[in-house]
Amino acid sequence: MKRVTAAGLVAFAAICTSPCSAQTPEQFYKGKQIELAIGYPPAGSNDIYARLLGRYLGKHIPGNPTIVPQNRPGAGSFLALAYVYNVAPKDGSVIGIGAPTAPLDEKLGTQGVRFKAAEFNWIGRIDSLINMVFLWHTAPVKTIEDAFKIESKLSGTGVGSTVAIYPTVMNNVLGTKFKLIMGYKGSSDAQLAVERGEVEGHSTSWTAVKVAHPDWRPEKKINVVVQFSVKRHPEMADVPTVVELAKTDEQRKILSAVVNAAEIGTAFFTTPGAPPDRVEALRRAFDATMKDPEFLAEAERLKLTVGPLTGEELQKVVAEVSTLTPELVEKVKAAYEMKK
């Protein structure tokens, strides 16, 4: 009798679950909403990129779901990353964007990391993300050479953000004298602090400044003194990269490991454990969006650059962080430490 009952329960369970498991991506997404979890406050470059994607991605996903942006700022985007990894449904109904340094932060054991970056299903990247340091035109620091001699106050946000990480690494590895004034709600707020004279400069993405204040550099209101990338951005060909400033091979290796986050850039992911066919559908929809004429036209109007990377390529870039040697990891960890 027990065997019959057990067999009946198994058959009943199969009947109950088969319609769900047999759903195609189109059937699953039709009439649904996809949450786009944005690990940043409104109005910054990552928020602008994410909302731009949200306006076009749905029409390329089978079933044409509605994309609903949801800002989940905090801890340099670590709260949003933890939400997507630990809390969000594992069914492909939530996608997110967070700090491009997340894989390295995990490797370093940075405080607040509650996710495994390589276990996310990476959907695609809109563009690489080149950060830089700029100083207001009235600040004593005019060039990167000045930054080694004169202390300058930079507005900062969360400790896990590249806004704080990059200047800190420069101080520790190269000996610059940037002083971070933390507590600003986002890069947009931090840029306004520069304009108001509360601080002398800020470290953020080049895109964030171009979008929020397109007149600043052309009108020489700011001096961009360094960019955090391996190669110079075409629009900042006169600005040295942090890697160029390295004086030893060891410094070069540490700085290269840190700025490789630029390659991850404005990258989007969904939860671990999402059904493979839905991950595939999201990746192909992302690829199609990157070629959508309306998407590209709006990106150009917003002065956003588009240099996409597929989800499969992005997954490999994230996985490569695990190849860092323990010795190099310790040196990068020391470079991350913010002095009090």
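These legends describe close-up views of a predicted model.

**View 1. Helix α3 and the residues it buries.**
Helix α3 covers residues 45–57. The helix has 13 residues and reaches 18 Å from its first C-alpha to its last. That is close to the 18 Å expected at 1.5 Å a residue. Of these 13 residues, 11 are buried, so α3 is largely enclosed by the rest of the structure. The buried residues include Ser-45, Asn-46, Ile-48, Tyr-49 and Ala-50. Leu-52, Gly-54 and Tyr-56 are also among them.

**View 2. Asp-47 in helix α3.**
Asp-47 sits in helix α3. Is Asp-47 buried or exposed? Its relative accessibility is 4%, so Asp-47 counts as buried, the cut-off being under 20%. Leaving aside residues up to four places away in sequence, Asp-47 touches Ile-38, Pro-41, Pro-42 and Asn-71.

**View 3. Helix α3 against helix α12.**
Helix α12 spans residues 276–290. The two helices pack at an angle of about 105°, and their axes are 10 Å apart. Angles of 65 to 115 degrees count as roughly perpendicular, so α3 and α12 are roughly perpendicular to each other. Which residues make the contact? From α3 come Leu-53, Tyr-56 and Leu-57. From α12 come Ala-285, Phe-286, Thr-289 and Met-290. By class, this contact has six nonpolar residues, one polar residue and no charged residues.

**View 4. Helix α12 along its length.**
At 1.5 Å a residue, the 15 residues of α12 should span 21 Å. The end C-alpha atoms of α12 are 21 Å apart, which agrees. The buried residues of this helix include Arg-278, Arg-283 and Asp-287. Val-279, Ala-281 and Leu-282 are buried too, as are Ala-285, Phe-286, Thr-289 and Met-290.

**View 5. Helix α7 beside helix α10.**
Helix α7 covers residues 162–174, and helix α10 covers residues 249–259. They pack at an angle of about 175°, with axes 11 Å apart. Angles over 145 degrees count as roughly antiparallel, so α7 and α10 are roughly antiparallel to each other. On the α7 side, Ile-165, Tyr-166, Val-169, Val-173 and Leu-174 make the contact. On the α10 side, Gln-251, Ile-254, Leu-255, Val-258 and Val-259 do so. The contact of α7 with α10 divides into nine nonpolar residues, one polar and no charged.

**View 6. Aromatic rings and the pair of Trp-136 and Trp-216.**
How many aromatic pairs are there? The count comes to 12. Trp-136 and Trp-216 form an edge-to-face pair. Their rings are 5.1 Å apart, centre to centre, with 75° between the planes. This pair links distant parts of the chain, 80 residues apart. Trp-136 belongs to strand β5 (residues 131–136). Trp-216 lies in the loop between α9 (206–212) and β9 (222–228). Both Trp-136 and Trp-216 are buried. Elsewhere, ring pairs link Phe-78, Tyr-85, Phe-115, Phe-120, Trp-122 and Phe-269 into a cluster.

**View 7. Gly-201 in strand β8.**
Gly-201 is in strand β8, which runs over residues 201–205. Gly-201 is buried, with a relative accessible area of 0%. Residues up to four places away in sequence are not counted among its contacts. Gly-201 touches Phe-134, Leu-135 and Val-194, and also Lys-153, Leu-154 and Ser-155. How far apart in space are Gly-201 and Ala-212? They are 15 Å apart, C-alpha to C-alpha, and 11 residues apart in sequence.

Terms used:
Residues are numbered from 1 along each chain as its sequence is written. This is a predicted model: local features need pLDDT of at least 70, side-chain atom pairs count only at pLDDT 80 or more; totals for chains, interfaces and linings use all residues. Side-chain values use heavy atoms; hydrogens and water are left out. Axes are lines fitted to C-alpha atoms, for helices over the stretch in contact, and angles run from 0 to 180 degrees between N-to-C directions. Helices (H or I, at least four residues) and strands (E, at least two) are DSSP runs, numbered from the N terminus. Angles under 35 degrees count as roughly parallel, over 145 as roughly antiparallel, 65 to 115 as roughly perpendicular and the rest as oblique. Contact means heavy atoms within 4.5 Å. Ala, Val, Leu, Ile, Met, Phe, Trp, Tyr, Cys and Pro count as nonpolar, Asp, Glu, Lys and Arg as charged, and the others, Gly among them, as polar. The expected span of a helix is 1.5 Å times one less than its number of residues. Buried means under 20% relative accessible area, exposed over 50%, partly exposed in between (1.4 Å probe, protein chains only). Rings of Phe, Tyr and Trp (its six-membered ring) pair if their centres lie within 6.5 Å; planes under 30 degrees apart count as stacked, over 60 as edge-to-face and the rest as tilted.
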